Amino acid sequence: MSAKLSPDARLGEILVRENLVTPMQLKTAMERVKQTGGPLSHELVLLGTLDENAIVVALAKKFGAARVDLSQIEIEAKILKMVPRELVERYTLIPVTKTSNTLVIAMADPGDLDAIDAVKFATQKKIDVVVASERQIREIIEKNYLKEANFEDVAEELGLSDAELELEQEIDEDLSAVDLSKMAGDAPVIKLVNYILIEAIRKGASDVHIEPFENQLRIRFRIDGILYDVFKPPFKLRHAVISRVKIMAKLDISERRKPQDGRIKLKLGKGRNIDLRVGIIPTLHGEYVVMRILDETNLQLDMTKLGFEEAGLATFKEGLHSTFGLVLVTGPTGSGKTTTLYSALAELNKTTENILTVEDPIEYNLFGIKQIEVNEPVGLTFAGALRSFLRLDPDIILVGEIRDYETSEIATKAALTGHLVLSTLHTNDAPSTIGRLLQMGIEPFMVASTLKMIVAQRLVRRLCQQCLEPVEIDSSHLIDLGVPPEEASKFKIMRSRGCPHCNNTGYKGRVALYEIMPITEELREFIVNGASATELKREAIRLGMKTLRMSALTKLKEGLTSLEEVVRVTSND
């Protein structure tokens, strides 16, 4: 194989020869590479064609190199400093360990001889190569090389002491747009905002909150569903920081009386594209900013990794492969509904299907699917887009949310006339979704005829696997949560004590709980006869449905989450 091949071409050739992907799958992924600029491995994972471990195994086999899981090792800072930043970024590699005259480097592309020669020249060491996933290498690069500033650097550059950071400042509330623009363009302010964003991405935050109070500016990150205080920049910088965010989001910096919405696009390293959805609203003490971080590298399209149990996943897939009908995913904001729906679309995304979506807003770009974003000022609503879809020969339609009678009526009619319609509702569990549709004005016989499946979900935090340990608890606590007494003694409860890997929280990542209610003939009869949500739930459980609490207890028994998380997330179930 020629060493002159590009990394993507080299990887593609290997995967085809190993029969891990077909030429057509490779072509589809390469087309995505041209569109997004991302690496081939990333696109193959996003498309659900391969998981990253299969790619690592194939490369290790081809080049006779050992595999390494970088999440399981701690690399010394002095080792990381041995290879210059420009080399690790350019070639996607990381130094792992060294002996007296040999440096071991982890590479995503062990066939890149230029990279090996460059590291050998820079370090004057013999080089041994191991193979690691590109995602893990990039995470370490971002954590250890891309962090150029910290808050202390910013404070020092501004000449602020610790006491001054908490000092109340008198701010001119009538600053002009020119003044605000100048403040936002100052190097320390740019550096501070960049630091906030990079830290949020590095820590895996889903949201950044910039909150002004009477004499304090607070920055908080939402990590694994929980908000954490991060730091408090100088109060007098609040206008400059918020104006900087507005400039990045292409918003009106002079408008401080009305809510504004915008978007920021960031590119971190090769192929790492991140969108930030920005919402700003005026409050008593200034403008409150929330930035939702949409990172495609965190989008999980493999349904087997979301949290479905084996039987539940089979039931869900059976509903998805219906030729027509309505499949609803329900739950509160932030419960992972979008991820579940996108994974469903990835499952259904075949060249034989015409898939259309209308979303508010579009969170991730899905290759092969036509996605439309709601634009109410010009009349493009969920209902309006849905009407237009029916003239475009669709097979599968995704409606971001059913909010009103008009949308629900068109969705149910589309489902009744030979289309598979996927959508979401904000309800607490699967059975109560029936009542919500009836309240919107849909006739019971229409609900019974069109509904194929309802999936309610929540997210619980995963226990950190780096600091996991067993814990003894009284079995009465489990019995109180619904565990049968004869089963309680079989539970091995785990906890994580907290470590640097999980920012000392004890949790790293989240896993979904699912309550899957297929609409059987028995349930259709209940719906037509006007059964209550309680009666529907009782019948669904009799027919084999696992509730959200039951799903949470399964995750607890498997050691994936903690007793506290089960109580926190399913306290109303």
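What follows is a friendly conversation about a predicted model, asking why certain labels fit certain parts.

User: Let's start with helices α22 and α23. What makes them roughly antiparallel to each other?

Analyst: In this predicted model, the axes of α22 (residues 521–528) and α23 (residues 533–542) come within 10 Å and cross at roughly 170°. An angle over 145 counts as roughly antiparallel, and therefore α22 and α23 get that label.

User: Which residues of α22 and α23 meet?

Analyst: From α22 come Glu-522, Leu-523, Phe-526 and Ile-527, and from α23 come Glu-535, Leu-536, Glu-539 and Ala-540. By class, that contact has 5 nonpolar, no polar and 3 charged residues.

User: Why is α1 called roughly perpendicular to α4?

Analyst: Helix α1 packs against helix α4 (residues 52–63) at an angle of about 90°, with the axes 10 Å apart. Angles of 65 to 115 degrees count as roughly perpendicular, so the label suits α1 and α4. On the α1 side, the contact is made by Arg-10, Leu-11, Ile-14, Leu-15 and Arg-17, while α4 brings Ile-55, Ala-58, Leu-59, Lys-62 and Phe-63. These divide into 7 nonpolar, no polar and 3 charged residues.

User: What else is there to see in and just after α1?

Analyst: Within α1 (residues 7–17), the buried residues include Arg-10, Leu-11, Ile-14 and Leu-15. Just after this helix, Asn-19 takes a positive phi of about 60°. Helix α18 (residues 430–440) also has buried residues, among them Ile-434 and Leu-437, and Gly-441, just after α18, takes a positive phi of about 110°.

User: How do you know that Cys-502 is in no disulfide?

Analyst: Check the sulfur distance. The nearest cysteine sulfur to that of Cys-502 belongs to Cys-464 and is 3.8 Å away. A disulfide needs the two sulfur atoms within 2.5 Å, so this pair does not qualify. The structure as a whole holds 0 disulfides.

User: Are Cys-464 and Cys-502 buried or exposed?

Analyst: Buried means under 20% relative accessible area. Cys-464 is at 0%, so the label buried applies. Cys-502 has a relative accessible area of 2%, so it is buried as well.

User: What makes Arg-524 count as buried?

Analyst: Arg-524 is found in helix α22, and its relative accessibility is 17%. Since the cut-off for buried is under 20%, Arg-524 falls on the buried side. Leaving aside neighbours within four places in sequence, Arg-524 is in contact with Ala-448, Leu-451, Lys-452 and Ile-519. The C-alpha atoms of Arg-524 and Val-447 are separated by 8.4 Å, although these residues are 77 residues apart along the chain.

User: Why is His-285 called partly exposed?

Analyst: Its relative accessible area is 28%. Buried would need under 20% and exposed over 50%, so His-285 is partly exposed. His-285 sits in the loop between β9 (273–283) and β10 (286–295). Not counting residues up to four places away in sequence, His-285 touches Pro-212, Phe-213, Glu-214 and Arg-238.

User: Gln-124 and Asp-224 each have a positive phi of about 55°. Which is buried and which is exposed?

Analyst: Gln-124 lies in the loop between α7 (113–123) and β4 (126–131). With a relative accessible area of 63%, Gln-124 is exposed, because the limit for that is over 50%. Asp-224 lies in the loop between β6 (217–223) and β7 (226–231). At 14%, Asp-224 is buried. Gln-124 is not a glycine, and neither is Asp-224.

User: Which residues touch the most other members of the largest nonpolar core?

Analyst: That core has 54 residues, and Ile-434, Leu-451, Leu-478, Met-517 and Leu-556 touch the most other members. Helix α16 (residues 382–389) gives the most to this core, with 5 residues. A second, separate core of 34 residues includes Val-193, Tyr-195, Ala-240 and Leu-268. In soluble globular proteins, nonpolar side chains tend to be buried together.

User: Where is the cis peptide bond?

Analyst: It joins Asp-360 and Pro-361, with omega about -5°. Pro-361 lies in the loop between β12 (355–359) and β13 (370–373).

Methods: Residues are numbered from 1 along each chain as its sequence is written. This is a predicted model: local features need pLDDT of at least 70, side-chain atom pairs count only at pLDDT 80 or more; totals for chains, interfaces and linings use all residues. Side-chain values use heavy atoms; hydrogens and water are left out. Axes are lines fitted to C-alpha atoms, for helices over the stretch in contact, and angles run from 0 to 180 degrees between N-to-C directions. Helices (H or I, at least four residues) and strands (E, at least two) are DSSP runs, numbered from the N terminus. Angles under 35 degrees count as roughly parallel, over 145 as roughly antiparallel, 65 to 115 as roughly perpendicular and the rest as oblique. Contact means heavy atoms within 4.5 Å. Ala, Val, Leu, Ile, Met, Phe, Trp, Tyr, Cys and Pro count as nonpolar, Asp, Glu, Lys and Arg as charged, and the others, Gly among them, as polar. Buried means under 20% relative accessible area, exposed over 50%, partly exposed in between (1.4 Å probe, protein chains only). A nonpolar core is a set of buried Ala, Val, Leu, Ile, Met, Phe, Trp, Tyr and Cys residues joined through side-chain atoms within 4.5 Å.
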